[in-house]
Amino acid sequence: MSQPPQPGEPEGQAPDPGPQPGQPYPQQPYPQQPYQQQGWYGAPQQPPPSSNKTALWVGLGVLGLVVVVAVVAITGFVAPGFFLSDSKGKSAVASSSSAAPTSSSQDTATQSPVNIPSARTELPKRSTPLADPTDCAYPADTAKEAAKKVNPPAAGPTPASGTSAVTVKTTAGDIGLTLDRGLAPCTVANFLSLAQQGYYDGTSCHRLGVSGLQMLQCGDPEGTGMGGPGYTIPDEIFPELKYGRGILAMAKTQNPDSGGSQFFMVFGEAELPPEYTVFGSISDAGLQTLDKVARGGVDDAKGPGDGTGPPRIEVKFQSIAVG
């Protein structure tokens, strides 16, 4: 039902190699195979010997080659690692002389070089404030049943000013959020309602992007990018919306007003059109947690084939504290 950033939209993307609804950025091309030159696997053809003398020298040369190959084979058998490349050989030596530090399983995931900008993106502001209170409605989602039973927030007048602090406790570390009602009162009311009903507890973030679109998408109890709460929330967007490090935004399908429970946390670059509701920001400590997850890498084998996928360092929500 929902997916965040991909070529088109963030929410509602099925794990499918083709373009999915709800992808926030364009799909990445599959890597090409290395070009192989003709004759790479074959030795050059030798001209036939012109004389017995030439044949003798060729015979001696072959005999010498056999001896060299035998010596190399014996050496490789006796000295393990002889046939490894330099980089692998050095790695083997290093691993035999030092012990790995003890740490949790998520911290031992392979660390990948990820270029993450350090500067935050300023939280956008509305040029014209919303009416306070603002009327909100949460109609039933006719396309899909709820992934987890939950009640929608109360419809009607909703405060459109002030902020709310939230701490998301996850298996990868705490992520602090500040929800801004002045930006998106209906979205904030929905997130707080879901959090207080325990909707997010036990769910895992299912989609990580580390290049092009650097974000972590969460909020689907199904873990597929298709789940939602059984109702939809209105888009609360405006032309000045920008996305980047520190921004918290809602995922949706390509249809308007199709958000529900899925959201994405941006820790780096995110060139997206102003179509995804921004409803808060991420704390410095929370960004450090996201950076760690990003450097752990993406499990491409379980992704949709666009360069995103489940994070190798699992991010499972344990609880959400409001205030």
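These questions and answers go through the cores, ring pairs and a pocket of a predicted model.

Biologist: Which helix gives the most to the largest nonpolar core?
Modeller: The largest nonpolar core has 43 residues. L177, L179, F191, F263, M265, F279 and F317 have the most contacts inside it. Six of its residues come from one helix, residues 185-196, and that is α3.

Biologist: How many residues are in the other core?
Modeller: This core lies apart from the largest one. Among its members are Y243, A249, V266 and L272. Its count is 15 residues.

Biologist: How far apart in sequence are the parts that Y200 and F317 tie together?
Modeller: The two rings sit 6.3 Å centre to centre, with 65 degrees between the planes. Both residues are buried. Y200 lies in the loop between α3 and β5, and F317 in strand β10, so the pair links parts separated by 117 residues.

Biologist: What kind of pair do F264 and Y276 form?
Modeller: F264 is buried, at 0% relative accessible area. Y276 is buried too, at 0%. Their ring centres are 6.0 Å apart. Planes over 60 degrees apart count as edge-to-face. The planes here stand at 85 degrees, so the pair is edge-to-face.

Biologist: Which residues lie closest to the centre of the second largest pocket?
Modeller: This pocket has a volume of about 170 Å³. Its lining divides into five nonpolar, three polar and five charged residues. Of the 13 lining residues, the closest to the centre are S204, C205, P310, P311 and E314.

Note on methods: Residues are numbered from 1 along each chain as its sequence is written. This is a predicted model: local features need pLDDT of at least 70, side-chain atom pairs count only at pLDDT 80 or more; totals for chains, interfaces and linings use all residues. Side-chain values use heavy atoms; hydrogens and water are left out. A nonpolar core is a set of buried Ala, Val, Leu, Ile, Met, Phe, Trp, Tyr and Cys residues joined through side-chain atoms within 4.5 Å. Buried means under 20% relative accessible area, exposed over 50%, partly exposed in between (1.4 Å probe, protein chains only). Helices (H or I, at least four residues) and strands (E, at least two) are DSSP runs, numbered from the N terminus. On a 1 Å grid over the protein atoms alone, a cavity is a set of points where a 1.4 Å probe fits but cannot get out, and a pocket is an open set with protein on both sides within 12 Å along at least five of seven lines; lining residues have an atom within 4 Å of a point. Grid points are joined across faces, edges and corners, and a volume is the space filled by probe spheres set on the points. Ala, Val, Leu, Ile, Met, Phe, Trp, Tyr, Cys and Pro count as nonpolar, Asp, Glu, Lys and Arg as charged, and the others, Gly among them, as polar. Rings of Phe, Tyr and Trp (its six-membered ring) pair if their centres lie within 6.5 Å; planes under 30 degrees apart count as stacked, over 60 as edge-to-face and the rest as tilted.
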